[in-house]
Structures are given as structure tokens and as C-alpha cells.
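Please look over the chain shown below before reading on. The paragraphs that follow go from its surface to its interior.

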Amino acid sequence: METALAVALVGVLGYTLWKETKGEEPELAVVPKRLCDYVVRGGTYEKPSDVIESGRRLLEVHLYADENGNPVVAQVPLNQGYDYAYDYWTFDSVCVDLIQAFPSPYPFILSIVPHTSNMVTLNKAAEILKTTVRRNLLPPEYKDIHDLSIGLLSNKLIIASGNVQGSELAELVNLSWNEAHLRRLTFGQAVHPGDYSELVAFNRNAITLVAPDPVFGKKGINPEVSTAYGCQWILFGSTPGFVEKPVGLQ
């Protein structure tokens with residue numbers, strides 16, 4: 001028994017000395033990629049089920065109130081200042097469609113653009129989310145998740161939004177473009193930034209969402225141009241899933 005143990009020990013020491021003699025570097029640990037290291041395509045003013053079935057993992061909805069204060073999602077762009085919509089999907093039906101985005105090894109991103117400050121409407125939207133996609137919501141402490149490992153967000157619904165402070169919906173928002181780590185730009189602002197080097201630097205550790213211009217829409221737009229400065233969440237194009245950004249833009 002002692003002889004066998006001694007032989008084993010000599011073998012381990014010999015292998016260690018051989019590795020040192022060879023001068024081999026230890027294997028580098030794989031650094032998990034962050035949420036901000038991926039480009040995701042999505043849709044807005046599109047039927048939610050079509051976006052999900054296409055494999056895209058980003059949906060933007062423009063939230064309004066109907067005549068009873070229930071949250072609804074506009075089917076077409078409306079003039080600024082409108083707080084109601086005639087052609088719409090109910091927010092409840094949109095959230096039911098979201099169920100079809102799971103299970104998945106990747107998260108799904110829901111961007112909510114509020115066009116109403118009606119607290120009843122915003123609170124109802126929060127309640128609908130908690131009722132329909134409760135299993136996929138991130139815990140309340142998951143805020144500013146721009147630099148989290150993508151693996152930690154697997155099978156989860158990421159909610160981004162603007163000014164919904166004071167409402168129950170605000171408690172569910174994981175990234176806000178009123179805060180420091182998410183921007184929402186129109187396509188024109190993203191491809192013609194005042195300072196392109198600043199935008200590239202921002203997108204290395206934060207996220208930019210690129211949306212259609214409310215007047216010109218998507219006509220004549222090359223969706224690939226919007227990623228030139230490292231912008232990640234793009235509401236154009238049809239590429240499914242999460243695509244890693246070029247290393248030089250990470």
C-alpha cells in the first residue's frame with residue numbers, strides 16, 4: 001500500500017516538474033460575456049407574436065390608456081402628446097404572447113415607452129406582467145443589469161422603460177433610459193452622433209437602444225449601420241437571437 005502511494009506521489013511530482021520545464025502558461029479562465037456585449041434585433045409597431053416567432057429577442061411597445069384606463073399598445077405611430085390609441089392590442093394580450101418566448105437559454109427584452117402618466121394604467125400594466133410572466137421576471141434587486149453575465153439572465157424577461165417613477169411598473173424595470181446605463185436614440189441620432197468616440201466608449205460598458213424616427217419610420221434604413229458605434233438593441237432587421245459584438249467594440 002505504502003509502495004503504491006509513493007509511486008503515485010512520484011508520478012504527480014514528475015508531471016508537475018515536466019509542466020514547469022515546458023514553461024506552459026496556465027489555461028485562462030473563460031470570461032463570461034455581458035449583456036452589453038451582444039447585439040439584439042427587435043420590432044416595434046409589429047404584431048408581438050410575429051416578433052417572437054421570428055426568433056428576435058427584443059420587442060418595444062408604446063403604452064397608452066384606453067377609455068377605461070386599461071393599458072393598451074398602439075399598432076401604429078401616433079402624434080406626440082396623444083395619451084390614447086384607437087388601433088391597439090391590449091397589454092394583456094401582448095403579455096400572453098410573451099409567454100411563447102420562453103423557455104430559452106437567452107433573455108427576452110421588453111422595452112416599454114409610456115405615453116401616459118395615469119398611475120392606474122401603469123399599475124395595471126405591472127399587475128398584468130406579474131400575473132402572466134411572473135416566472136420569468138427578474139427579482140426586484142436586478143437593476144442596472146447592463147454588465148451582468150448573459151448566463152445569469154437566461155430565460156428571464158428584461159424590462160426597459162422611461163419615466164414610470166412612482167408606479168408599480170417602476171419596481172419591475174431593470175434598465176431605464178432616465179438612468180446612466182441605457183440610452184434610447186433614434187436611428188438618425190445613432191448613426192450621426194455629435195461625438196462618435198463618446199458613443200463607442202459608452203457602449204463598451206452600457207447599452208444603447210436604437211428606435212425608428214417617429215416621422216420617417218424604417219424606410220430606406222440599413223439596419224447594419226446602427227451597430228457601427230457598438231449600439232446593441234436595434235429595432236430593425238430580422239436577425240434572430242443574441243449576436244456577440246465585434247471584440248473591438250466590447
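What does the accessible surface of the chain come to, and what share of it belongs to carbon and sulfur atoms? The model is predicted, and local features need pLDDT of at least 70, side-chain atom pairs count only at pLDDT 80 or more, while totals for chains, interfaces and linings use all residues. Residues are numbered from 1 along each chain as its sequence is written, and side-chain values use heavy atoms, with hydrogens and water left out. The accessible surface comes to about 13,300 Å², of which 56% belongs to carbon and sulfur atoms (Shrake-Rupley method, 1.4 Å probe; for residues, only the protein chains shown count as cover).

The chain has 6 helices and 12 strands (DSSP runs, H or I of at least four residues and E of at least two, numbered from the N terminus). Of its 250 residues, 44% are buried (under 20% relative accessible area; exposed is over 50% and partly exposed in between, with a 1.4 Å probe and protein chains only). Tyr86, in the loop between strand E4 (71-74) and strand E5 (88-90), is exposed, with a relative accessible area of 68%.

Turning inward, the largest nonpolar core (buried Ala, Val, Leu, Ile, Met, Phe, Trp, Tyr and Cys residues joined through side-chain atoms within 4.5 Å) has 29 residues, and Phe91, Leu98, Ile112, Leu129 and Leu157 are those with the most contacts inside it. Among the elements that give two or more residues to this core are helix H3 (91-98), strand E6 (108-114) and helix H4 (119-132), and H4 gives the most, with 5 residues. A second, separate core of 22 residues includes Cys36, Val113, Leu153 and Ala211.
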